[in-house]
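Please load the coordinates in a viewer with both residue selection and secondary-structure display enabled. The stops below are meant to be followed in order.

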2 protein chains.
Amino acid sequence: MTGDWESGRDIRRLCRTGALVEPTSGRAPGYVQCNVVMMPADSAHYFRQFCEHNPRPCPLLAMSEAPGSVALAALGTDIDIRTDLPQYRIWRDGVLTERCDDVEHFWEDDWVAFALGCSFSFEEALINAGIEIRNISEGVNVPMYRTNIPCISAGPFAGNMVVSMRPMPPADVIEAIQICARFPSVHGAPIHIGDPAHLGIDDLNHPDFGDPVTLHQTDMPAFWACGVTPQVALEAAKLPMAITHEPGHMLVSDLKNTDLAIS
Amino acid sequence: MTGDWESGRDIRRLCRTGALVEPTSGRAPGYVQCNVVMMPADSAHYFRQFCEHNPRPCPLLAMSEAPGSVALAALGTDIDIRTDLPQYRIWRDGVLTERCDDVEHFWEDDWVAFALGCSFSFEEALINAGIEIRNISEGVNVPMYRTNIPCISAGPFAGNMVVSMRPMPPADVIEAIQICARFPSVHGAPIHIGDPAHLGIDDLNHPDFGDPVTLHQTDMPAFWACGVTPQVALEAAKLPMAITHEPGHMLVSDLKNTDLAIS
């Protein structure tokens, strides 16, 4: 069912009709996949500020042109953010309470949707350069860790940065830094390499999110600002209600990953 | 005597008239300084190949247009490679035998001169980005080490790569990689970061060339391919006669360091 011929629009159609409720990893190769966050306009004002203050973990790719708008024209034709993801998470008072295949019945006229860059884009660029991505070769979720680096807060949104970790030989770290620096809208270069203690991480084998991966003796861990950071900030904000994508179940756009590279 | 108003041509004039025999470090800020190697044409054929095979340690910026030509038009107007450096080294059968302020009496009609990129160029770019270069802040020569990485040989030229090492915080390493990658003609990005043992280096406090520098507890050592590599290959080649610059006493060109950046 998966195929190189799939476009972002194809995936969105499958989601909209209920034919796709699975993760989007590996689907529509080459197309930009996005983290999604939705909330009422009065909170959205601060969430936008939070993203702008913390662009490394929260790279804002697009947001609703006006409250109530379910389209994200910058990311694709005829997007309906209420139906075009495979699965959503519903948050009440900062607590995850349920999961849904579509959120038409939750969306209100004053809601705003945000789409943020996702590591899938730079992982594709690294793989194309011949770099092994351990979480992909081991078939697990990338390990993610809470750090001691505070984000710049905005209104109710605050918290420490979450990072994802990919171990690789030092020569690959050097190359990955050069490649990822060209993709600032999908987290950019790593924020740290080497000693996890520098970020306040005690044990790489016990990630706070995702799964542990194998570190070979000559590997160096590389840490990227992670899109789970806004979700942690959302929990802290304790909004009466908010909606996000289910991790791994992304909005697939019409943009190509290569379009995100700066020269 | 040193001043921002100096040009590369000014420095070469001072050398030519014998008024400058000191190191060129810090002189004519912004101008590209070069390693220099000179030898008879029959060996130069292989030395050019050696540089082309090993561009990271031996980035060839210019060479004599024809045997006997003392100009390097690509690097500056009216260069006379026999007189325009502050100090030279004379090598006989691969052994350093003497030092001179000019080499007019050694140069022959069949000799060829090579100019290679030098780390001064990227160090300037790093300093301009606010990165501390330890050997500069401690006022010593950069520490350099023989590695276990063989160069690709050409004719009599062979040997392992020599690297220079600059310790810095991991965040600066990440930035330095991005900056230096834009300067492939002056050694480019580091070839290794982190564990010295990976390069066969036993003890950072005992460099094979240059001086040791302080490593702070949170520093990560970054290793660049080094312009001493061709000098080691020259020693191995045991040419009856060859000439190089005295380390630190460089050919200062008319090019600006910023001209070397690729986009």
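Begin by selecting Pro150(B) and Asn160(B): Asn160(B), in β7(B), is the bridge partner of Pro150(B). The model on display is a predicted one. Extend the selection to the two strands concerned, β6(B) and β7(B), the latter spanning residues 160-168. Their pairing is antiparallel and runs over 4 bridges.

Next, display the whole sheet. In chain B it is an open sheet of 4 strands, ordered β6-β7-β9-β8, with antiparallel pairing. Which strands stand at the edges? They are β6 (144-150) and β8 (192-193) of chain B; each has a single partner strand, so one side of each lacks a neighbour in the sheet.

Move from β7(B) to β9(B). These two strands pair in the antiparallel sense over 6 bridges, and Met168(B) has Met220(B) in β9(B) as its bridge partner. On the way to the other edge, β8(B) and β9(B) pair over 2 bridges, also in the antiparallel sense. Select Ile193(B) here to find it opposite Ala222(B) in β9(B).

Remain on β9(B), residues 220-225, and colour the strand by burial. Of its 6 residues, 6 are buried, so the strand is largely enclosed by the rest of the structure. In a regular strand, side chains alternate between the two faces of the sheet. Show the side chains to see how this strand is arranged: Met220(B), Ala222(B) and Trp224(B) point one way, while Pro221(B), Phe223(B) and Ala225(B) point the other way.

Now centre the view on Val163(B). Excluding residues up to four places away in sequence, Val163(B) touches Met144(B), Tyr145(B), Thr147(B), Ile191(B), Leu199(B), Phe223(B), Trp224(B), Ala225(B) and Cys226(B). The largest nonpolar core has 157 residues, and those touching the most other members are Ala115(A), Val163(A), Ala115(B) and Val163(B).

For a contrast, select Gly130(B), in the loop between α3 (120-128) and α4 (134-137) of chain B. Is this residue buried or exposed? Gly130(B) has 8 other C-beta atoms within 10 Å and is therefore exposed, since the cut-off for an exposed residue is 12 or fewer. A distance monitor between the C-alpha atoms of Gly130(B) and Asn148(B) should read 32 Å, for a separation of 18 residues along the chain.

Turn to chain A and select helix α1(A), residues 8-16. Its buried residues are Gly8(A), Ile11(A), Arg12(A), Leu14(A) and Cys15(A). These residues cover an arc of only 160° around the axis, which puts them on the same side of α1(A). They pack against β1 (31-40) and β11 (251-256) of chain A. Just after the helix, Gly18(A) takes a positive phi of about 85°.

Finally, show both chains and the contacts between them. The interface brings 16 residues of chain A into contact with 16 residues of chain B. On the side of chain A, α5 (170-180) and β8 (192-193) each supply at least two residues, and α5(A) gives the largest share, 6 residues. Coloured by class, this side shows 10 nonpolar, 6 polar and no charged residues.

To examine the symmetry, superpose chain A on chain B: the operation is a rotation of 180° with 0.0 Å of shift along its axis, at an RMSD of 0.0 Å. The two copies are thus related as by a two-fold rotation axis. In chain A, Gln178(A) has the C-alpha nearest that axis, at 2.8 Å. Both copies use the same surface, as 100% of the contact residues of chain A recur in chain B.

Methods:
Residues are numbered from 1 along each chain as its sequence is written. Chains are lettered from A and ligands numbered from 1 in the order in which they are written. This is a predicted model: local features need pLDDT of at least 70, side-chain atom pairs count only at pLDDT 80 or more; totals for chains, interfaces and linings use all residues. Two residues are in contact if their C-beta atoms, placed from the backbone, lie within 7 Å. Ala, Val, Leu, Ile, Met, Phe, Trp, Tyr, Cys and Pro count as nonpolar, Asp, Glu, Lys and Arg as charged, and the others, Gly among them, as polar. A residue is buried if 20 or more other C-beta atoms lie within 10 Å of its own, exposed if 12 or fewer, and partly exposed in between; C-beta atoms are placed from the backbone. A nonpolar core is a set of buried Ala, Val, Leu, Ile, Met, Phe, Trp, Tyr and Cys residues joined through C-beta atoms within 7 Å. Copies are superposed by least squares on the C-alpha atoms of residues with pLDDT of at least 70 in both. Two strands pair if DSSP finds at least two bridges between them. The arc is that of the directions from the helix axis to the C-beta atoms.
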